[in-house]
Amino acid sequence: ICWTGIGFTQENPKLVRPDWTYQTTFLKDGNIYFTGGFMNGADYSLSIRCANAEAVKVAAQSISAYIRSVFSLYTHGTNSNDDGIERYVEDGIATLTNNLHVQGLRQKQVYHEAVTNGGRPSYNVFVLLEITNEDYKNAKIGVLQSLKEDFEKVHHTEAKQKAEQLLEELTEGT
C-alpha cells in the first residue's frame with residue numbers, strides 16, 4: 001500500500017489528518033462547521049462530491065434535530081388523541097429535507113489521501129463546510145415558516161402557534 005496526498009511527507013509517512021476530519025460538527029469563531037467523508041473512492045472528483053453531500057446531510061440533520069427537539073419538548077405528554085401535534089411535527093420533519101434551503105453554506109477545505117493498493121488508486125476525501133451563525137439561524141427560520149404554513153393548511157392551530165412562538169424567539173434581535 002502506497003499513500004500520497006496532504007498530510008504525508010517523505011520524512012513523515014504516518015497519517016496526519018487535520019483535527020476537523022474527526023468531528024462532524026463544531027463551532028469556531030462565530031461559524032458552524034460540518035464535515036463529511038468518503039472512503040476508497042475510485043474517482044477523485046466524484047469522491048469530493050460524495051464527501052460534500054455527506055457534509056450537507058450533516059448540516060440538514062443538525063437543523064432537523066433542532067426542530068425535533070424544540071417541538072418534542074412542546075409535544076411531550078400530549079399524545080392523548082389521534083389528531084395530536086406530534087403527528088404533524090413528525091410529518092413536517094419527514095419532508096424537511098425536501099424543502100430545506102440553506103443559504104451561505106460554503107466549502108472551506110478539502111483533505112484527501114490517495115491510496116494505491118495493488119496498482120489501483122483510490123481516494124479518501126474529507127470536506128469541511130462552513131456557515132455563519134446568522135445563515136444557520138435563517139435556515140432554521142425558513143424551516144419553521146414552512147412548518148407554520150403546513151400547520152395552517154391542515155388547520156392545526158396549536159402546532160401553528162408553537163411554530164409562530166419559535167419563529168418569534170429566533171427572530172428577536174435581528
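E130 is buried in this predicted model, its relative accessible area being 8%, and because buried means under 20% relative accessible area, that value falls within the class. The side chain of E130 meets that of R106 in a salt bridge, at 3.4 Å from N to O. This pair links distant parts of the chain, since E130 belongs to strand β5 and R106 to strand β4, with their positions 24 residues apart in the numbering. R106, by contrast with its buried partner, counts as partly exposed at 35% relative accessibility.

The two strands that carry this pair, β4 (residues 106-117) and β5 (residues 120-132), run antiparallel to each other and are paired over 11 bridges. Within this pairing, Q107 stands opposite L129 of β5. A turn of 2 residues joins β4 and β5 into a hairpin, and G118 in that turn has a positive phi of about 70 degrees.

The structure holds 6 salt bridges, including those listed here.

| Salt bridge | N to O distance |
|---|---|
| E113 and R17 | 2.5 Å |
| E130 and R106 | 3.4 Å |
| K160 and E164 | 3.4 Å |

E113, in strand β4, is 96 residues apart from R17, which lies in the loop between β1 (2-5) and β2 (25-28), and their salt bridge thus links distant parts of the chain. Both E113 and R17 are buried.

K160 and E164, on the other hand, both lie in helix α5 (residues 157-171), where they are 4 residues apart, about one turn of the helix. E164 is partly exposed, with a relative accessible area of 31%. Finally, salt bridges with shared partners join R106, K108 and E130 into one network.

Technical notes. Residues are numbered from 1 along each chain as its sequence is written. This is a predicted model: local features need pLDDT of at least 70, side-chain atom pairs count only at pLDDT 80 or more; totals for chains, interfaces and linings use all residues. Side-chain values use heavy atoms; hydrogens and water are left out. Two strands pair if DSSP finds at least two bridges between them. A salt bridge is a side-chain nitrogen of Lys or Arg within 4 Å of a carboxyl oxygen of Asp or Glu. Buried means under 20% relative accessible area, exposed over 50%, partly exposed in between (1.4 Å probe, protein chains only).
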